[in-house]
Amino acid sequence: MSEFFSRVLPELFQANLTLSFTLVILGYAAVLIRSICSLKRDWPRWPWLILWTVLFLRSIVPASDSSPWSVLNLTSLTPRQTVDALSASYTGDTRTIFASADQDAYERGVRGGGEVIKAGGENAYVVTGADGASPPPTVETVWFPRLSLAWAAGVLGILTWGAVSYFRLKRRVRAAVKTKDGAWESDLVDAPFVLGFFPPKIYLPLALEEENRRWVLLHERAHIRCGHPYLKAFAFLALALHWYNPTMWIIWHEFCKDLETACDETVLWSTGEKKGYSSALLSLASVRPIQAPLAFGETGAKERIQKALSWRRPTVLLTALSLVVVLVSGTVLAAGPVSLPENAPALSVTTNIQSEPARLTGKLYRQKDHLLEPPDWEGTPILPVTALPYVFLCFDDDPPSRIEAYDYLPELPGENGTEWGLSSVNRRGAPGALEYGLHLVTPHRNSTGEGLQVRGVKLLCEWGVGLQKVYAQYVFRLYGPAESADHLRTLPAAMVEGQELPLTEGMPSRSITVTDPEAVVYIAGPQDGTVSYQIRICDADQDWRQLSASTGEASRLSTHGSGLAGHKTSGSIGVEAKYTYVDGSARTWRGLIHVSPR
């Protein structure tokens, strides 16, 4: 029993509090929608009962489905996040212990269950209770057990009120006599009402005039036919569970009004006699209504008479429109907020010449302001690319709803990045994984256009809609031929295994070492008027004997790849690139590669 009061009941209260915060948002949204639509006087009221039922259901059962159209997306914090933040708030005396100030006290606080705010590093610290060796007091551990008892007492009090008033009224009419028209008459009641469930019964006072009796029976039978006794009992249960929430009492009040108005409309629809029905309501206005939440009595006579006198039969189009509004509103109010990832998903980055992915991790933030600053490039992965390369981005899970990609030259500190376009190219991998293609079709504005360069890429990813959003940043670098919009490359740029291959006119004086005999040499040729190229792979240990060759038409945007193709598993390989120009002249560059397998 002690566990029930110390753990189970507080957990139930915390779940109920989350639903109650949800009800505040949904309730006022529903009242606003209803108030706007009610400006049209002949707008039917009975469809609103569907909306109130959705709210009562939503106040008891959490939403299972999330939707981008949920009204909860318009809040910066969901009710669940609000309650979690509230429950984690400290209350009472706490102690903050920094590891740098007292390592022994810091470790004692960690062992005692203190909350470690930052683990490791010089600024690591832990928050504990006042004794330095116990968990810090929070709203969840201190106040929720007490508040849960008050909540449970209130629920029992409301349910007891409903049950006592129900059975007291039931006992008063136990001697009622059944009449030919199916109603029950008693000399102990002053007003007509419906009471009971299996089945519901109509109770009338003995002195009720025949004409008024006719209208009352039509109204009360409409309650029974529409299942209002059961609906009101369900609504009363929701009211009991959220007795402390003023919004629930507003919803209950509007719901009870619409129950009566809906039955008034049903009677007027079937008879069309506005004056006769209004007269009956007026004659019953002076009678004291039944004071029982689970019974149906004649209440709110003044407003109902005014509505009855001004009632007009709604058109089919207006009735259909009211149903559409209620169903759409109910869907929006019933759905939960969009599901946001708890952790930033891992991102795999590959290029058109590197299939081995670089794995990136990010950290989620509620705001993106500080993510707009130039990133720190130290330690970020470097991927080889060709000229105007294509980069593939594949998220393991929870692909973002929006991605902004920014282009930097890391050699220019403090530079503001240039935003790129991004397009989804295809889906592959595990369910939910989504691959994007990032094509660097625009050279960086500060590029020299000669040789190889490192370009930095920052991805600013966004999940969610409305105010329900989280952000993460992923950073990597690309290494490949420099491109410039204002300068045409005059010298070829070559790369193999992510290394720059020096090319010289004449015999090369420097070499680079590669470990893969199958490596591919990528060469971005000159852009100043070349029309064709020839690339030869040679055995540099045997007087540059040709091993393979490739030829083709030169293009300003093309990068040519020639594989070493395993011609030599060790030793020196020469690369010769010959370019022919529009004036018929030709230039030849050579590079030297030393193959040294691991």
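Strands, like helices, are DSSP runs here, numbered from the N terminus, with at least two residues needed for a strand and at least four for a helix. Keep that in mind for labels such as E23 and E24, and keep in mind too that this is a predicted model.

**Stop 1: the E23–E24 loop**

Select Trp 544, which lies in the loop between E23 and E24. Its phi is near 55°, a positive value in a residue other than glycine. Now add Asp 543, placed in the loop between strand E23 (530-539) and strand E24 (545-553). Asp 543 isn't a glycine either, yet its phi is positive, at about 55°.

Is Trp 544 buried or exposed? Trp 544 counts as buried, because its relative accessibility is 11% and the cut-off for buried is under 20%. Asp 543 is a different story: at 73% relative accessibility, it counts as exposed.

**Stop 2: a cis peptide bond**

Jump to Phe 198 and Pro 199 and show the backbone. The peptide bond from Phe 198 to Pro 199 is cis, with omega near -5°. As for where you've landed, Pro 199 lies in the loop between strand E6 (193-195) and strand E7 (201-205).

**Stop 3: helix H4, seen end-on**

Select residues 103-111, which is helix H4, and color its buried residues: Ala 105, Tyr 106 and Gly 109. Look down the axis of H4 and you'll see these buried residues fall within an arc of 105°, so they line one face of the helix. Here's the background: an α-helix has 3.6 residues a turn, so residues three or four places apart point the same way. Which exposed residues sit on the face of H4 turned away from its buried side? Pick out Asp 104 and Arg 111.

**Stop 4: helix H9, same trick**

Next comes helix H9, residues 274-283, where the buried residues are Tyr 277, Ser 278, Ala 280 and Leu 281. They cover an arc of only 155° around the axis, which puts them on the same side of H9. Spin to the face of H9 turned away from that buried side, and you'll meet the exposed residues Lys 275 and Leu 282.

**Stop 5: an arginine patch**

Finish with a surface view. Select Arg 168, Arg 171, Arg 172 and Arg 174, which gather in a patch of positive charge on the surface. Zoom in on Arg 168, found in helix H5 (residues 139-172). Arg 168 is exposed, with a relative accessible area of 54%; the cut-off for exposed is over 50%.

Definitions and conventions. Residues are numbered from 1 along each chain as its sequence is written. This is a predicted model: local features need pLDDT of at least 70, side-chain atom pairs count only at pLDDT 80 or more; totals for chains, interfaces and linings use all residues. Side-chain values use heavy atoms; hydrogens and water are left out. Patches are made of residues with over 30% relative accessible area and no salt bridge: like charges are joined within 9 Å, nonpolar side chains (Val, Leu, Ile, Met, Phe, Trp, Tyr) within 5 Å. Accessible areas come from the Shrake-Rupley method with a 1.4 Å probe; for residues, only the protein chains shown count as cover. A salt bridge is a side-chain nitrogen of Lys or Arg within 4 Å of a carboxyl oxygen of Asp or Glu. Lys and Arg count as positive and Asp and Glu as negative; His and the chain ends are not counted. The place of a charge is taken as NZ of Lys, CZ of Arg, CG of Asp or CD of Glu. Buried means under 20% relative accessible area, exposed over 50%, partly exposed in between (1.4 Å probe, protein chains only). The arc is that of the directions from the helix axis to the C-beta atoms.
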